[in-house]
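Here are my notes on the model, point by point. Please read them with the structure open.

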Amino acid sequence: MKANPCGAENARSYSAMLGSAVRAGDFRSHRPALFTSNEVSFGAEQLSIHYVETFFGRERAHALLLGAGLCDAKGKMPASISRVDFWNLCVDGIFKYNDEGHGCTPLPLPKGSWTMIFTAVNHMDSVDEGLKRFCDFVQVIPSGMTVSVGHGTDGVHVTYAMNDLSERGEIYVELIALVFHCVLVWGTGRAIEPVRMRLSSLLGDRKESLLTGLATSSWRQGTGVSMIYPKEILDLPLGVRRYKSFSFHESSVFMEMAEKPPHATDSGASSSLVNELRVLMRDEIPHQRVAAHKLGMSAATLQRRLTQEGTSFRELSREVRMRKLCTLLATDANLDDVAYDLGFSDRRSLWRACFDWLGMSPTAYRLQRRLCES
């Protein structure tokens, strides 16, 4: 059988070139201090291969994992992958199969189906109006999903449910709930967080979920997903940031959340300085002096403490940007938008960073990634 040129060997060649592990946009530093804190970041949480195969189907899962360089040299699938890897596989799958339903919906959903809905929601005046319209708009596409909004004493309940119940459908519900959460965060420009979540009991034999860690508490009961938000979000204006590009905005917000440690069940859990900086870098990459000021210390003290944890401000900033860059380049976003989201002054600066980090231009990286998907 012909070897896949875009598989594990290619990923390993990137690793040697960059001095860090590169797996389809998932950059991991060799410095263990970055990933040995008391809490695992939201994006690094693991999903079993069973979860992945249940969602994509075994054949499609293997093709996507192989194309992303996540299989070993013999083509064997890993035992688990991170949430960042899973998110990137979903983006890859949409481009490869032109199906935003990922095989979970009654009919395939061509690329742009959900974008049409999210764009319309983002044009509403407020989150309250956007949620009402979202419930109506979902009926426009043959997703087999219904969305409803309820109001309780504990907050606003946004409930997602599939008409045909299956484990695969319940995972798809989790994915759409996560994507729409990212849409709300993007559209309001605010760090919205659910206060509680109800997850499906059909997946109750598994601890894993795309959503755990977004809220301080969650439980499994019934079917579908309910995201419970504070009532205050209803008055927030939408359209603060315009929704205009397929998967770019969701991926941008998701990568910001990916660095966040999950909500801890033990309130006494401590957070390292590295984790504090990751949280600070979710929205933008500040200058070192600005970051130090926000953390209540001098720039020299910040650098000394980071050195003690085995890293530096520049290295951490670079890692966060690289990770986000590859995820955004997996979308079809305009390169000017990618440059702006990463804090570069113009497209030329983005171009130079791509050559520095990836050894190729943004266009070449996209082309190679598409070849891997084909």
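1. Asn 98 is partly exposed, because its relative accessible area of 42% falls between the 20% and 50% cut-offs. This is a predicted model. Asn 98 sits in the loop between α4 (83-97) and α5 (113-122). Its phi is near 50°, a positive value in a residue other than glycine. Most residues other than glycine have a negative phi. Please look at this one.

2. His 102 is found in the loop between α4 and α5. Its phi is also positive, near 55°, and it is not a glycine. Is His 102 buried or exposed? His 102 counts as buried, because its relative accessibility is 2% and the cut-off for buried is under 20%.

3. Now the charged pairs. Side chains of opposite charge can pair when their charged atoms come close. How many salt bridges does the count come to? The count is 9 salt bridges. Three of them follow, with their settings.

4. Glu 256 and Lys 324 form a salt bridge, with the closest N and O atoms 3.4 Å apart. Glu 256 lies in helix α8 (residues 248-258) and Lys 324 in helix α12 (residues 313-329), so the pair ties together parts that are 68 residues apart in sequence. Glu 256 is buried, at 8% relative accessibility. Lys 324 is buried too, with a relative accessible area of 8%. Both count as buried because the cut-off is under 20%.

5. Arg 348 pairs with Asp 346 in a salt bridge. Here the closest N and O atoms are 3.6 Å apart. Arg 348 is exposed, because its relative accessible area is 62% and exposed means over 50%. Asp 346 is partly exposed, at 27%.

6. Which residues do salt bridges with shared partners join into one network? They are Glu 129, Arg 133 and Asp 136. Within this network, the side chains of Arg 133 and Glu 129 meet in a salt bridge, N to O at 3.0 Å.

7. Where do Arg 133 and Glu 129 lie? Both are in helix α6 (residues 127-137). They are 4 residues apart, about one turn of the helix. Arg 133 is partly exposed, at 32% relative accessibility. Glu 129 is partly exposed as well, at 25%. Each counts as partly exposed because its value lies between 20% and 50%.

Conventions. Residues are numbered from 1 along each chain as its sequence is written. This is a predicted model: local features need pLDDT of at least 70, side-chain atom pairs count only at pLDDT 80 or more; totals for chains, interfaces and linings use all residues. Side-chain values use heavy atoms; hydrogens and water are left out. A salt bridge is a side-chain nitrogen of Lys or Arg within 4 Å of a carboxyl oxygen of Asp or Glu. Helices (H or I, at least four residues) and strands (E, at least two) are DSSP runs, numbered from the N terminus. Buried means under 20% relative accessible area, exposed over 50%, partly exposed in between (1.4 Å probe, protein chains only).
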